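Welcome, and thanks for opening the viewer. Please keep the selection tool at hand, and let us walk through the model one stop at a time.

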Amino acid sequence: MTQLPDSAVPPSHPEPQPPAAEPKRRRGTTILVSAVVAILAGILLSQTVTTVATPDGGAAAEAGRWWSLLPPLLAIGLALVTRQILPALFVGIWLGAWLVQGLTAPAIATSLLDSAGVYVVDAIAEPDHVMIITFTLMIGGLVGILRKNGGTDGIVRIVTRWASTPRRGQVATSTLGVAVFFDDYANTLVVGNTMRPITDRLRVSREKLAYLVDSTAAPIATLALLSTWIGFQVVLIDDAIADTDLTVNGFAVFVESLKYAFYPLLAIGLVFAVSLTGRDFGPMLHAERRARTTGEVSRKDAAVGLRPVEDELTPPDAAPRRLLNAVVPIVVLVAVTIGGLFATGEGNSPIEIVGDADPFSSLLWGALLAIIVAAVMSVGQGILTLDEVIMAWFAGVKSVLYVIIILTLAWALSQLTSELGTAEFVAGALGDTMPLFLLPAVLFVIAAAISFSTGTSWGTMGILTPLAVPVAWAVLDAQGLAAAEGHPILFASVSTILAGAVWGDHCSPISDTTVISSLASQCDVIDHVRTQLPYALFAGGVALVSGLLPVGLGLPWWAALLLSAIVVVAGLIVVGRRSDVARPEPSAATEYSR
């Protein structure tokens, strides 16, 4: 490959050009008009929305009806149209609060006030949310220290000796995404922040980095037998099969269901296929060609939220770029987190112990000790003073405030969808009767729709698993196929609920993992959704047509998985186009050869 000299390669963080004032005014007008339209539509809907009396004598919209879809759909639609996630989320929360209060004229004002005074506050006050916020802030601070002490540059120097082309950089990112399997949050934050300087230098777009990070994090976490997800999933399955005649436990059902986890497996497979072939399609192809030909890894007016902090985190010129200054704190983070999982869990096997553990406390302990180790190493080697360490930590914390705001609004909207019964309405579309061979495929679509609309995979699993697993057993029993050791359709139904939840979670613009992946990659949230969604739809469509439907018709799982993998690769070759055709792939090796 032709290697470009350093002078020919634009900086890894090109300065954005300020967008023209007119487009900004148009966006503002679009948001305002959309909000007004939503309010007027709500007034008209108030004539058809059924209300029920509340204990205090007020009125509220009846839960679990079609209008419960409006708040998330409005938020998602506004976000995609305006590319502004914050106002879109807030308008969705406002509409949801208004629905809860019965869509009366006086409630327009009170629901606006409650959007912040009740729902946002409640979202922040949730203990698990507080721990996620704290962990995210601590990881941001840790990354700030590792950037400032030159440790991140040390990783970049070593990795770029092999990852010297865009293709190799993507393969390295994908490999790390699979290697950090024990938690999706830790995966996105560690891999995204570690690989971003490398992919920037190789002219890989931020959109592609966010896709590689996001599409390996949740899929690998739901497949791994030692992850922070497994306990939650196994407990749900155990409870769901309690009223059946199965003689196997929830963990055995989970392990058997992994054979039918077509979407997570195909999502990871597509990530590596895209990385190895250098082919892309849809909006991602345009983003990659922009990065290759211009060096602009993000849109000029993209809202990444971190550019003002870059200068604060530039290492001193005299600072050594030592790999150990980053690797040791990251190893401490991973080791302490895994140790915390074993310390807080109980069981007769490692898998049972991790499944019973406290993942949030373990992550916090790991982040705290990693920060202390990074600070001690920085001061002890004379690279930074204590004051510089604190300022670097604070600069890193500032860099994640934007994502904390988005997370809080997304949680508030999710709470409102729960009150309105959005998930129950979508799940109710399943009906009382369903052809047996269609059951896994239909469950996948329903789980994906719930997760996409509510922005939570765990919430979707928690709602749908207790409803769908007994339905699957009842359908099998009615046809005389229910057996004490289980049935492929039952295992596929369990797996497809988890897989559909993952699909919606990492595609929805109101999902926490979508937001965190965008944060770690410094990619605009809406740009990430627009570029990743076609890939997810492609993998999900193949999982449905070539995996779940053939399994429902009796094809062995291994044959369906092999067929699906062939279709994914063949489809990418046919539809995808090389993103580097306009210019030879640049090398990054010379940048860190000193």
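## Getting your bearings

Start with the cartoon view of the whole chain, whose secondary structure comes to 25 helices and four strands. Keep in mind that this is a predicted model. Colour by burial next: of the 594 residues in the chain, 56% are buried. Contacts with a separation of 6 or more are worth a look too, since 79% of them join residues 24 or more positions apart.

## Stop one: the nonpolar cores

Which residues touch the most other members of the largest nonpolar core? Select Tyr211, Tyr263, Leu270 and Trp503, which hold that place in a core of 64 residues. Now add helix α22 (residues 488-505), which gives this core its largest share, eleven residues.

Stay with tryptophan 503 and show its surroundings. Leaving aside neighbours within four places in sequence, tryptophan 503 is in contact with Tyr263, Phe444, Ala448, Phe452, Leu533, Ala536, Leu537 and Gly540. There is also a second, separate core, with 62 residues, including Ala123, Met138, Ile139 and Val389.

## Stop two: helix α12

Tyr263 leads us on to helix α12, so select residues 262-277. Try the distance tool on the C-alpha atoms at its two ends: they are 21 Å apart. At 1.5 Å a residue, the 16 residues of this helix should span 22 Å, so the two values agree.

Now colour the buried residues of α12. They are Phe262, Tyr263, Pro264, Leu266, Ala267, Ile268, Leu270, Val271, Ala273, Val274 and Ser275. As you look along the helix, it may help to know that an α-helix has 3.6 residues a turn, so residues three or four places apart point the same way. Just after α12 comes glycine 278, with a positive phi of about 70 degrees.

## Stop three: two residues with positive phi

Glycine is not alone in taking a positive phi here: arginine 203, a residue other than glycine, has a phi near 60 degrees. You will find arginine 203 in the loop between α8 and α9 (206-223). Is arginine 203 buried or exposed? Its relative accessible area is 2%, so arginine 203 is buried.

Next, select glutamine 522, which is not a glycine either and has a positive phi of about 50 degrees. Glutamine 522 sits in the loop between α23 (512-521) and α24. With a relative accessible area of 2%, glutamine 522 is buried.

## Stop four: histidine 528

Move along to helix α24 (residues 525-552), where histidine 528 has its place. Why does histidine 528 count as buried? Its relative accessibility is 0%, and buried means under 20%. Show what surrounds histidine 528: not counting residues up to four places away in sequence, it touches Ala210, Tyr211, Asp214, Thr514, Ser517, Ser518 and Cys523. Tyr211 should be familiar from the largest nonpolar core.

## Last stop: a cavity

Rolling a probe the size of a water molecule over the atoms shows where empty space is left. This structure holds eight cavities of 30 Å³ or more. Let us visit the second largest, with a volume of about 120 Å³. Of the 13 residues that line it, select Val143, Leu146, Asn193, Thr194 and Ile330, the closest to its centre.

Which helices each supply at least two residues of this lining? They are α5 (127-148), α6 (151-159), α8 (184-201) and α14 (324-344). The largest share, five residues, comes from α5. Colour the lining by residue type to finish: nine residues are nonpolar, three polar and one charged.

Terms used: Residues are numbered from 1 along each chain as its sequence is written. This is a predicted model: local features need pLDDT of at least 70, side-chain atom pairs count only at pLDDT 80 or more; totals for chains, interfaces and linings use all residues. Side-chain values use heavy atoms; hydrogens and water are left out. On a 1 Å grid over the protein atoms alone, a cavity is a set of points where a 1.4 Å probe fits but cannot get out, and a pocket is an open set with protein on both sides within 12 Å along at least five of seven lines; lining residues have an atom within 4 Å of a point. Grid points are joined across faces, edges and corners, and a volume is the space filled by probe spheres set on the points. Ala, Val, Leu, Ile, Met, Phe, Trp, Tyr, Cys and Pro count as nonpolar, Asp, Glu, Lys and Arg as charged, and the others, Gly among them, as polar. Buried means under 20% relative accessible area, exposed over 50%, partly exposed in between (1.4 Å probe, protein chains only). Contact means heavy atoms within 4.5 Å. A nonpolar core is a set of buried Ala, Val, Leu, Ile, Met, Phe, Trp, Tyr and Cys residues joined through side-chain atoms within 4.5 Å. The expected span of a helix is 1.5 Å times one less than its number of residues.
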